[in-house]
Amino acid sequence: MGFFSQARLITSRDLVRERRSGEVLWVTLPFGAIALLLVPMAIGTDAPLLEQVGTGLFWAIVMLFGVLISIRQTTGETQAQRDQLALTGIDAAAIYVGRATASFVLLVIFEVVLGLVTIVLYDVPVSGWWLVPILITIVAAGLSLLGTLAASIVSTGRNAAALVPLLVAPLSIPLLIGATQALEVLDLGGSSLAWVLMMIVSTLVLAVAGVLSARPLQEI
Amino acid sequence: MGPTTQRGIRTLPPVISDEPLIHLASVSVRAGATHILRDLDLDVRAGEALGVHGANGAGKTTLLRLAATLIRPSSGSGTVLGASLNSESRYDVRHRIGYVGHVPGLYPELTLRENLEFTADAHSIDHTAVASALDMVGLGAASDRQADRCSHGMQRRAEFARVLMTTPAVLLLDEPHSALDADAVDLVDAIVERTTASGGAAVLVSHDRERVSRVADRFVEISAGGVA
């Protein structure tokens, strides 16, 4: 069985598990939407202000809840499940890629739904509409790779899940800043290319780090 | 098709070899400053079923996980199916090792059939083998039930169905008879006999020496991390 077939097998397993548990669709997604709803309640119906903060708030919530989505399967896995998975002979790097791919799919759905909620609640002008799908794709890829890597690092330690934010927060900053700045620069008539490139490079670094560290991390 | 043991379980042609399938030489495993296994020497040869017993915390489960290549020795050396426990080659033999721990490792959201199909796909085994393996362990009618809706005993049976399907050369069982009814206990014995008759090796960790003695060729006692 080739590397990509193995990765596809893991992706398929994770998506079936998610479909049955409904954790992202019925728990994380509504909480994300509620978080977006709470801010206008807190700062009042100041339309220009809401319009101004809407985009940044969207990306911040995507980062916070996105990490929860991308770590959920790995950190929830038992030692017995990890042992059985290792004994299937599936390459640890394929497991990493497969898990990240499943998280990517879920994150794209999460971002699209939350994006629509943001447009409705904050009346955000979609001036750079052509850029939004690109940013959503890169952020979903970066966050899924980052969350899967962080979860692999902490999954075998006792109470180590609490360390995930410490690992993820600094590493997700390039994605958060890149996504907000790319749209803002576009609004001001500039080029977003530098910001998009920074996000792509960050994502590629995470992909390489995850693949290279997959095997050693499997044995911690 | 090879000879059959009880329950019609198929055996594989015997592999004749003088090399032990599991060879541990002065192996120690440490967790921090604590020695879990200390200077342990052990050989398990083809066709042999070894019973392992010892007090709680003696290091029995760690021994099994070591033999399953899931952990590396802190010191010492060893081979499993010819692959060194200290080299990358151990990854290449993992699919030939069957390990049933005392806690089932099924995915709770997947059905029993889906759990086994996942393993079958990873081993490039046809899905028809899944149905027959579940039938053999008496779970044919429950194959579409989610694992988290099955009893502990049913989940353990499903784990043994996985072993039946993958026909491992090295079989490692941790408290194999716990949570099983009489039929399932016989089934475990048949799986062990099939493995050894096929030229494989089995290691059974258990507190129930009498029960394991039905299939084990010899026993070792683990005490304070070493063979007593």
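1. Patches are built from residues with over 30% relative accessible area and no salt bridge (a side-chain nitrogen of Lys or Arg within 4 Å of a carboxyl oxygen of Asp or Glu), nonpolar side chains (Val, Leu, Ile, Met, Phe, Trp, Tyr) being joined within 5 Å. The model is predicted, and local features need pLDDT of at least 70, while side-chain atom pairs count only at pLDDT 80 or more. Residues are numbered from 1 along each chain as its sequence is written, and side-chain values use heavy atoms, without hydrogens and water.

2. Chain A carries a nonpolar surface patch of about 1,100 Å², whose members include W26(A), F31(A), M41(A) and V105(A). Two or more residues come from each of α2 (23-43) and α5 (92-122) of chain A, with α2(A) giving the largest share, 8 residues. V105(A), in helix α5 of chain A, is partly exposed at 33% relative accessible area.

3. In chain B, H53(B) belongs to strand β3 (residues 49-54). H53(B) counts as buried because its relative accessibility is 14%, buried meaning under 20%, exposed over 50% and partly exposed in between (1.4 Å probe, protein chains only). The side chains of H53(B) and R209(B) share a polar contact of 2.9 Å (a pair of N or O atoms within 3.5 Å, where within protein one must be able to donate a hydrogen and the other to accept it).

4. Helix α4 (residues 128-136) of chain B has V130(B), A133(B) and L134(B) as its buried residues. These lie on the same side of α4(B), because they cover an arc of only 95° around the axis. T128(B) and D135(B), on the other side, are exposed.

Key:
Chains are lettered from A and ligands numbered from 1 in the order in which they are written. Helices (H or I, at least four residues) and strands (E, at least two) are DSSP runs, numbered from the N terminus. Patches are made of residues with over 30% relative accessible area and no salt bridge: like charges are joined within 9 Å, nonpolar side chains (Val, Leu, Ile, Met, Phe, Trp, Tyr) within 5 Å. Accessible areas come from the Shrake-Rupley method with a 1.4 Å probe; for residues, only the protein chains shown count as cover. The arc is that of the directions from the helix axis to the C-beta atoms.
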